[in-house]
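User: Please take me through the terms used for this entry, and explain on what grounds each one is applied.

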Amino acid sequence: MTSHSFNRRTFNWQAVWALFKFEMARTRRTLMQSIISPVVSTCLYFVVFGSAIGSRITEIDGVSYGAFIVPGLIMLSLLTQSVSNASFAIYFPKFIGTVYEILSAPISYVEIVVGYVGAAALKSIILGLIILATASLIVPLKIAHPGMMLLFLVLTAVTFALLGFIIGIWAKNFEQLQVVPLLVITPLTFLGGTFYTLDMLPPIWQKISLFNPVVYLISGFRWSFSGNSDVSVGISLAMALLFLAMGLVTVWWIFKTGYRLKQ
Amino acid sequence: MTEQNTIERNAPADRDGGTGGDDPIVQVRGLTKTYGNGFEALKNIDLEIQRGEIFALLGPNGAGKTTLISVICGIVNATSGSVLVDGHDNVVDFRAARSLIGLVPQELTTDAFETVWATVSLSRGLFGKPSNPAHIEKVLKDLSLWDKKDSMIMSLSGGMKRRVLIAKALGHEPAVLFLDEPSAGVDVELRRAMWDVVLELQKSGVTIILTTHYIGEAEELADRVGVINHGEIVLVEEKTQLMQRFAQKRLTLHLNEALSEIPDSLTDFRLELSNDGNTLHYAFDAKGERTGITKLLTGLQAAGITFRDLDTQQNSLEDIFVDLVRNGA
Ligand SMILES: Nc1ncnc2c1ncn2[C@@H]1O[C@H](COP(=O)(O)OP(=O)(O)OP(=O)(O)O)[C@@H](O)[C@H]1O
Ligand SMILES: [Mg+2]
């Protein structure tokens, strides 16, 4: 009896590790799509926005425009890749039916989330760091608060991987899988201060922008580089934690009800 | 540490001693399942699977076989009722319950781009077992998949994919194995090979529950047979008992003149007289040493009963099955 109740409480690391390894192996196999293509498109943004616009706007808050957009570009990749990695990772087994094995394995919901979201978040963090390294070859970069930079990176990756996980479970077809990243995440990121500071906007748009969650993430992340931000770092951090909590609650609810996983 | 516990619990030597002894290894009580669209797929199912047996679940398409298995394995939530696996509730104590179960699903649901080796290793990991390449090698060899271990699953034939699914389930050394239509789309030779694997597993102490549409398969393998129809269990019986019914033949005599009653001299034969008195039925064991037919005919002659025709009918498991399913409708 003791061994059973002991069992019930024990974390199935073996399973999490198996899921995690499996997911990371998928990345290795699809290296082109997973890592290289986001790096290429980020470089393109650099060339287009950095040099085309950068030649007109020379400096923002004492930072060259090229350096200014780096945090925003990293965030852009981080958000879209976290969402698409995680949503695909759970949607695909649902689609081809292999999810039966995950549902029938002695693995708790927490472990499933840790495995999938962990792998998706780690992938996009690695990607973010690769973009950072690439960018540092093009423009001179300084990172004022490296610890906070990493914290924002991890918080954001995990939160949006969670969001992706939720989308993957919710989606009934590939169209639904694409619609959120395409119609919600990307526009919010573009409008969230990737390429400008909020005070460059007309006052009314500055107000509206405050409803955009991505503003807080980009602002906080940019602060960790330059020490300047649109909103105070404390608020950014609080918001990032709030979004994470919202994601966790939603995932908890999904598993509690079996929503779209178990009929 | 967890693994240690699981392994010990799964070890055949421990299985008989441990929690169980003679209790059923799977106990389903008052199970109902109503799907989201309001369809009642399982109606108050009670079922007990004995340790170490091979149980064949028969039933027409849509009877609820897959639904029942899915609920036991935790893929589909029950609407009410409970499932105990080796005494562990499959919801409250899902870890202990599920770690004992292996499932080979009906549909060929496999990854496409993974190798056979990777997918079987994943299964083992998901079930919390430490990696054991020797075991996986043995499983793949038993299922004649060894030379395909590094092939992408996509490149395999349907029958090979079915074996990959079996390998995935065996990869984590389950104590209870569910095979949902293992012989669908499998050729005769492979079916034989699979039966050997199943019987071999039973010898090592694994309990096996399989669904099938081939009655011959149930006859070949099962210790007990259950029939499900319209979400209800309509029969659970030892196969040998069923086979006795199967071995029974019926001799029907079409009489020249209607009888009002069976003469006393013939009571030993336990004959049945039809309502109109025109036919006599005699049941006998076709596999027995003496069928009693000669005696019966002599007796009839002595009693002055004559007949113009006679025929015999075999009572097959198939007949029993068809009967049950029709009556249940
Ligand atoms: N997700 C679902 N939603 C609604 N109804 C379902 C669902 N899955 C199965 N059913 C219904 O439940 C009934 C039982 O289905 P099930 O798959 O358990 O049958 P089965 O006995 O396995 O049949 P088969 O021999 O064809 O595999 C069927 O009428 C089926 O249409
Ligand atoms: Mg079925």
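**Terms and their grounds**

User: Why is B:Q106 called partly exposed?

Analyst: B:Q106 has a relative accessible area of 26%. Buried means under 20% relative accessible area, exposed over 50%, and partly exposed in between (1.4 Å probe, protein chains only). The value for B:Q106 therefore places this residue in the class partly exposed. The model is predicted, and local features need pLDDT of at least 70, side-chain atom pairs count only at pLDDT 80 or more, while totals for chains, interfaces and linings use all residues. Residues are numbered from 1 along each chain as its sequence is written, chains are lettered from A and ligands numbered from 1 in the order in which they are written, and side-chain values use heavy atoms, with hydrogens and water left out.

User: What makes B:T66 and B:Q106 donors of the magnesium ion (ligand 2)?

Analyst: The atoms OG1 of B:T66 and OE1 of B:Q106 lie 1.9 to 2.1 Å from the magnesium ion. Donors are N, O and S atoms within 2.8 Å of the metal (3.2 Å for Na, K and Ca), so both atoms qualify; water is not among the atoms, so the site may look incomplete. The pair links distant parts of the chain, 40 residues apart: B:T66 is in helix α3 (residues 65-73) of chain B, and B:Q106 is in the loop between β6 (101-104) and α5 of chain B. Helices (H or I, at least four residues) and strands (E, at least two) are DSSP runs, numbered from the N terminus. B:T66 also counts as partly exposed, at 32% relative accessibility.

User: Why is the site of ligand 1 called shared between chains?

Analyst: The site is shared because residues from chains A and B surround ligand 1. A residue is near a molecule or strand if one of its heavy atoms lies within 4 Å of it. For ligand 1, 16 residues surround the molecule, the closest being B:N61, B:G62, B:K65, B:T66 and B:T67.

User: Which distances join side chains to an oxygen atom of ligand 1?

Analyst: An N or O atom in the side chain of B:T66 is 2.7 Å from such an oxygen, a polar side-chain atom of B:T67 is 2.5 Å away, and for B:Q106 the distance is 2.8 Å. A polar contact is a pair of N or O atoms within 3.5 Å; within protein, one must be able to donate a hydrogen and the other to accept it, and residues adjacent in sequence count only if both atoms are side-chain atoms.

User: Why is α3(B) described as largely enclosed by the rest of the structure?

Analyst: The description holds because 8 of the 9 residues of α3(B) are buried. They are B:K65, B:T67, B:L68, B:I69, B:S70, B:V71, B:I72 and B:C73. After the helix comes B:G74, whose phi is positive, near 90 degrees.

User: How do you know whether B:T211 is buried or exposed, and which side chain does it contact?

Analyst: B:T211 has a relative accessible area of 0%, which makes it buried. This residue lies in strand β8 (residues 207-211) of chain B. A polar contact of 2.7 Å joins its side chain to that of B:D180, and the side chain of B:T211 also reaches the backbone nitrogen of B:E181 at 2.8 Å.

User: What makes the phi of B:E181 worth noting?

Analyst: Most residues other than glycine have a negative phi. For B:E181, phi is near 50 degrees, a positive value in a residue other than glycine. B:E181 is in the loop between β7 (176-180) and α8 (188-203) of chain B and is buried, at 12% relative accessible area. B:R270 has a positive phi as well, near 45 degrees, but this residue counts as exposed, at 73% relative accessibility.

User: Why is B:E53 called buried, and what does its side chain contact?

Analyst: B:E53 is called buried because its relative accessible area is 6%. Its side chain makes a polar contact of 2.8 Å with the side chain of B:R224. B:E53 sits in the loop between β2 (40-49) and β3 (54-58) of chain B.
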